[in-house]
Amino acid sequence: MHAKSTKRGLGASLATILLLAGVAAFADGSAAVADPNTTTAVSAGPATYTQAVPAGAPSQYNQPLERCANGVNYPISGANPVLSEPVTTQFASNVGLSEYVTFSGNQYYGDWQFVFTNTSSEVLSTDCAVLVFRAPSGSDDHEYSATQQFGHPQEDYLEVPRGDGTSFYIARIDFHDVPLAQRQVAPGQSFTYQISGVPSAAISLTQIRDSLKLTADLSLTANQALVQHYGTNRLTN
């Protein structure tokens with residue numbers, strides 16, 4: 001799932017990520033101040049929804065559970081359609097989630113984490129979910145993690161530069177060879193999507209947060225129309 005030349009395997013187990021707190025208090029007990037490296041959380045999406053449950057077992061590639069296990073590149077000709085679509089300026093989701101963004105690094109290189117919490121009353125499967133967002137151009141690393149057990153995610157991915165120091169990023173999170181439970185996030189639990197690269201003054205952390213639109217796969221159609229529309233590339237594990 002990485003584009004970095006080191007080809008680190010995204011499927012490798014990750015420890016639960018310790019995230020920066022959204023506010024920090026001074027040692028002398030003065031009022032808390034906002035952490036400039038972490039946004040506040042925003043919410044979107046319904047508290048209840050229906051998500052179809054896929055049939056099949058791990059490694060049964062002709063069954064719906066493994067509908068996103070395999071993929072190909074979908075090249076398109078001409079300008080990418082995302083460049084002519086309305087820019088998302090408020091976090092949007094078709095399932096109940098909260099989201100904040102945290103940055104760690106310096107002016108030369110760093111990591112941006114989109115941190116999502118399932119605010120709905122449903123168990124959410126993130127398999128085949130599509131994320132579209134705007135961030136500094138030139139990300140060379142991107143990955144998925146969750147606070148619950150997960151395994152073998154990979155990715156359909158595309159960066160579309162805007163020419164202003166920022167790019168649109170389109171990513172579909174795809175799992176393979178693991179049970180349904182390792183693709184799910186229970187109510188109150190979190191998952192993250194991270195990109196890495198060189199910061200840019202062209203976009204703020206809050207603008208990055210608000211640019212994101214998440215589309216969960218609720219109907220077992222794998223969000224196939226979206227990845228073909230944007231012309232994503234299938235990355236290795």
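**Notebook: sheets, a pocket and a buried valine**

I began with a hairpin, which S10 and S11 form with 4 residues between them, and I noted that Gly163 in the turn has a positive phi of about 85°. I should record at once that I am reading a predicted model.

I then followed the two arms of this hairpin and found that 9 bridges join S10 to strand S11 (residues 166-175), the two running antiparallel. As one example of this pairing I wrote down Gln154, whose bridge partner in S11 is Asp174. S10 is also joined to S15, here by 3 bridges and again in the antiparallel sense, and in this pair Glu155 stands opposite Leu235 of S15. Is strand S10 largely enclosed or open, and why? I found that 7 of the 9 residues of S10 (residues 153-161) are buried, so the strand is largely enclosed by the rest of the structure.

Next I looked up the sheet to which these strands belong, and I found an open sheet of 6 strands in the order S4-S14-S8-S11-S10-S15, with mixed pairing. Its edge strands are S4 (92-93) and S15 (233-235), each of which pairs on one side only. At the S4 edge I found a parallel pair, since S4 and S14 pair in that sense over 2 bridges, and Ala92 stands opposite Lys213 in S14. I reminded myself that strands of a sheet pair through backbone hydrogen bonds, either parallel or antiparallel.

I turned to another sheet, also open, in which 5 strands follow the order S3-S5-S6-S13-S9 and the pairing is antiparallel. Strand S3 (42-44) and strand S9 (141-146) stand at the edges with a single partner strand each, so one side of each is left without a neighbour in the sheet. Neighbouring strands of this sheet are turned by 20° against each other on average, if direction is ignored. Within it I checked S5 (residues 97-105) and S6 (residues 110-118), which run antiparallel and are joined by 9 bridges; the bridge partner of Glu99 in S6 is Phe116.

My next entry concerns the largest pocket, which holds about 230 Å³ of space. Of the 15 residues that line it, the closest to its centre are Glu85, Thr88, Val132, Lys213 and Tyr230. Lys213 is thus a residue I had already met, opposite Ala92. Which elements each supply at least two residues of the lining? I found strand S8 (130-136), strand S14 (213-215) and helix H2 (224-230), and S8 gives the most, with 4 residues. Sorted by class, the lining has 9 nonpolar, 3 polar and 3 charged residues.

I then picked out Val95, which lies in the loop between S4 and S5. Is Val95 buried or exposed? Its relative accessible area is 0%, and because buried means under 20%, Val95 counts as buried. Leaving out residues up to four places away in sequence, I listed what Val95 touches: Ala44, Gly45, Pro46, Tyr49, Leu124, Leu214, Ala216 and Leu218. Val95 and Ala216 are 121 residues apart along the chain, yet their C-alpha atoms are separated by 6.9 Å.

Finally I looked at the chain as a whole, whose secondary structure comes to 2 helices and 15 strands. Of its 237 residues, 46% count as buried. Among contacts between residues at least 6 apart in sequence, 79% join residues at least 24 apart, and I noted the contact of Val95 with Ala216 beside this figure.

Methods
Residues are numbered from 1 along each chain as its sequence is written. This is a predicted model: local features need pLDDT of at least 70, side-chain atom pairs count only at pLDDT 80 or more; totals for chains, interfaces and linings use all residues. Side-chain values use heavy atoms; hydrogens and water are left out. Two strands pair if DSSP finds at least two bridges between them. Axes are lines fitted to C-alpha atoms, for helices over the stretch in contact, and angles run from 0 to 180 degrees between N-to-C directions. On a 1 Å grid over the protein atoms alone, a cavity is a set of points where a 1.4 Å probe fits but cannot get out, and a pocket is an open set with protein on both sides within 12 Å along at least five of seven lines; lining residues have an atom within 4 Å of a point. Grid points are joined across faces, edges and corners, and a volume is the space filled by probe spheres set on the points. Ala, Val, Leu, Ile, Met, Phe, Trp, Tyr, Cys and Pro count as nonpolar, Asp, Glu, Lys and Arg as charged, and the others, Gly among them, as polar. Buried means under 20% relative accessible area, exposed over 50%, partly exposed in between (1.4 Å probe, protein chains only). Contact means heavy atoms within 4.5 Å.
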